[in-house]
Amino acid sequence: MNTPRVTLSLDAKAGPYQPGDVLRGQYEVGILHSAEVKAVELSVLWHTLGQGEEDLAVHFFERLAGEEGDVLDLRAPHAFEMMLPNSPLSYDGVIVKICWCVRLRVFLGRGKDVLTERPFQLGAVPAAQMLE
Amino acid sequence: MARILRPYGKKRGERRTGSKRLGSYGEALFFLCVLAMGAAGLYVMLAEWILPEWRANQHFAEAECTVLGTRVGTRQVDNGIQYYPEVWIRYRAQSQQREAWTYKLAPVYVGDRPAAEALIEGFEVGQTYPCWYDPQNAERAVLVRQYTWWLWLLLVVPASFVILGSAGLVRALLHTSTSAERRAALVQRAAGLELFEDNQAMGERYPGIPRPSSINDSPGTHLAYRLPIDVSPGWKLLGVLLICLFWNGIVGLAIGGVVSDFVAGRGSWLAAAFLVPFAIVGMGFIVALVRQVLVTSGVGGVRLEVSDHPLVPGEAYTLFFSQSGRLRMNSLAILLVCEEEATYRQGTDTRTARQRVFEKQLYRRESFQVRPGMPFEDECELVVPEAAMHSFQSQHNEVKWELLVRGDVAGWPDYERRFSIVVYPQGARVAAV
């Protein structure tokens, strides 16, 4: 099975996003030969990185799935937009980091999936410094 | 190849080794085994013991029988002989005269012969008694009907395996068949968080930030809100006391045993040397306990009040401070600190790492006295730096803002009290909270 060519992009913006800003972007799934797309999930989420276990919360989630046995045709670009929340802001801490991203997961047959991410910054909190 | 087939995952700093998919399959297999064990145990208990006993009590037909004889049977088990009572009865069932050796539906095994004899001494040969037979198999009859209550209690064991296995299996299958984002969306929806609702309450419009309501519920006497203390010194004292009693109780018993061996002339210096490090740790606990007693009893209440809450970076607030008790203070300081907390698993342990990322002294006063009935009170300004990170709390990670009160008391152990505060992002409109 060939891997589909997945394109995910965010509209150009100068500087970081602020709470309440509208996030706009689009995605496109180019299908090659026998690659079949069963479903597509688009999420806008934050997740933690660092020493602790990863936490994840979804701000926006949309799933497109074909009917039983059908194949999704996503060759035309799909645009999306949503308003960003007030918190949590992106944070580059010492042992806790909060990362925002748009994540596109394309589900293929036989339990395989292709994941594409576009990270972005929400807010302008400066990086933390280690003390002691 | 080893990387592809690695069957386990480990957290190494900021990354995790191993295959998540393989881990989920392994988890599903484990819970399937737990479920199968529970189901098998449940089936055996129900089919062999509980349902037959229930049928005997509910559906067996009553008849009259004559006792023809009694005996005590034996069987050999690993740790000796077990005895069981039997009564030979003649009864009429389904138009036929029948004879059987019986007592209860399942044999009653006891550890000694007199106990078994006591169970059948009420049945006299030649006398008639009620008995019950199985309408589906009239050759099966019992003289004594009753429920064995502990059998029903034992059901808890396989039932808990079934519940644990089913829940674990569903969770593992959900993990393999759905994405992390979809699971998170489902969980958030189930938790009643409206993802796309515009008109949410102020608290819900700041996801990931702890609700300030627990602090705002307590009004102050001088300023708007009184801050709750993180851990009360009384609870801390109780914790230290329990640990001290537990540790030193065990060590004391062990030392007592070694000393009595020496008194009896068969003491072992090796055993005594082995106990030394444990005794040293025990003494450390005693020192900690004495210190905590002094801090709890000697240092009076500490009270902090704030002019508004939650706090917003860059804005100025008034902080009121009160220290009661009878103290001669070398110094007293109030600090604003921000700490990151990360909880992670290491093997079977759950650990929490802390890292301080901000500390600023808001207030300091040296060489003064606190007299009973005349608490020391003062005010200072509280400003969270502009562009500082807001409070954040998720399941395993936290960014925590606190006010620390540090006291250096002359001739007394130093003390520290922590008060949590909630900081919102810069520019947040907190008036509506």
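Here are some numbered notes to help you find your way around this predicted model of two chains, A and B.

1. **Ground rules.** Residues are counted from 1 along each chain as its sequence is written, while chains are lettered from A and ligands numbered from 1 in the order in which they are written. Since the model is predicted, local features need pLDDT of at least 70 and side-chain atom pairs count only at pLDDT 80 or more, whereas totals for chains, interfaces and linings use all residues.

2. **Confidence.** The pLDDT is the predictor's confidence in each residue, from 0 to 100. Chain A averages 87, and 91% of its residues score at least 70. For chain B the average is 86, with 91% of the residues scoring at least 70. Please take care with residues 1-5 of chain B, where the pLDDT is below 50 and the model shows zero contacts beyond near neighbours in sequence. Where pLDDT is low, the predicted coordinates should not be read in detail. For the complex, the predictor gives an ipTM of 0.91 and a pTM of 0.68.

3. **Chain A.** You will find zero helices and eight strands here (helices are DSSP runs of H or I, at least four residues, and strands are runs of E, at least two, numbered from the N terminus). Along the sequence the pattern reads β-β-β-β-β-β-β-β. Among the elements of chain A, strand β1 (residues 5-10) has the lowest mean pLDDT, 89, and strand β6 (residues 91-92) has the highest, 96. Of the 132 residues, 35% count as buried; buried means that 20 or more other C-beta atoms lie within 10 Å of a residue's own, exposed means 12 or fewer, and partly exposed is in between, with C-beta atoms placed from the backbone.

4. **Chain B.** This chain has eight helices and 16 strands. Buried residues make up 21% of its 433 residues. Residues are in contact if their C-beta atoms, placed from the backbone, lie within 7 Å. Among contacts in chain B between residues at least 6 apart in sequence, 70% join residues at least 24 apart; in chain A, 68% of such contacts do so.

5. **Where the chains meet.** The contact takes 35 residues from chain B and 39 residues from chain A. On the chain B side, α5 (180-190), β11 (327-346), β12 (349-370) and β15 (397-409) each supply at least two residues. Helix α5 of chain B gives the most, with six residues. By class, the chain B side has 17 nonpolar, ten polar and eight charged residues (Ala, Val, Leu, Ile, Met, Phe, Trp, Tyr, Cys and Pro count as nonpolar, Asp, Glu, Lys and Arg as charged, and the others, Gly among them, as polar).

6. **A helix pair in chain B.** Two packed helices are described by the angle between their axes and the distance between the axes. Helix α7 (residues 233-263) and helix α8 (residues 269-298) of chain B pack at about 155°, with axes 9 Å apart. The two helices are therefore roughly antiparallel to each other, a term for angles over 145 degrees. Residues of the contact between α7(B) and α8(B) divide into 23 nonpolar, five polar and one charged.

7. **Two cis peptide bonds.** One runs from A:Ser87 to A:Pro88, with omega near -5°, and A:Pro88 sits in the loop between β5 (78-83) and β6 of chain A. Another joins B:His309 and B:Pro310, with omega about 0°; B:Pro310 is in the loop between β9 and β10 of chain B.

8. **A proline with distant partners.** B:Pro313 lies in the loop between β9 (299-306) and β10 (316-325) of chain B. With 19 other C-beta atoms within 10 Å, B:Pro313 is partly exposed. B:Pro313 and B:Val423 are 110 residues apart in sequence, yet 7.2 Å apart in space, C-alpha to C-alpha. Not counting residues up to four places away in sequence, B:Pro313 touches several residues, including B:Val384, B:Val423 and B:Gln426.

9. **Two serines with positive phi.** B:Ser95 has a phi of about 65° although it is not a glycine. B:Ser95 is in the loop between β4 (80-93) and β5 (96-102) of chain B and is exposed, with 6 other C-beta atoms within 10 Å. B:Ser367, also not a glycine, has a phi of about 50°. B:Ser367 belongs to strand β12 of chain B and is exposed, with 10 other C-beta atoms within 10 Å.

Methods: Contact = placed C-beta atoms within 7 Å. Axes fitted to C-alpha atoms, helices over the stretch in contact; angles between N-to-C directions. Parallel < 35°, antiparallel > 145°, perpendicular 65-115°, else oblique.
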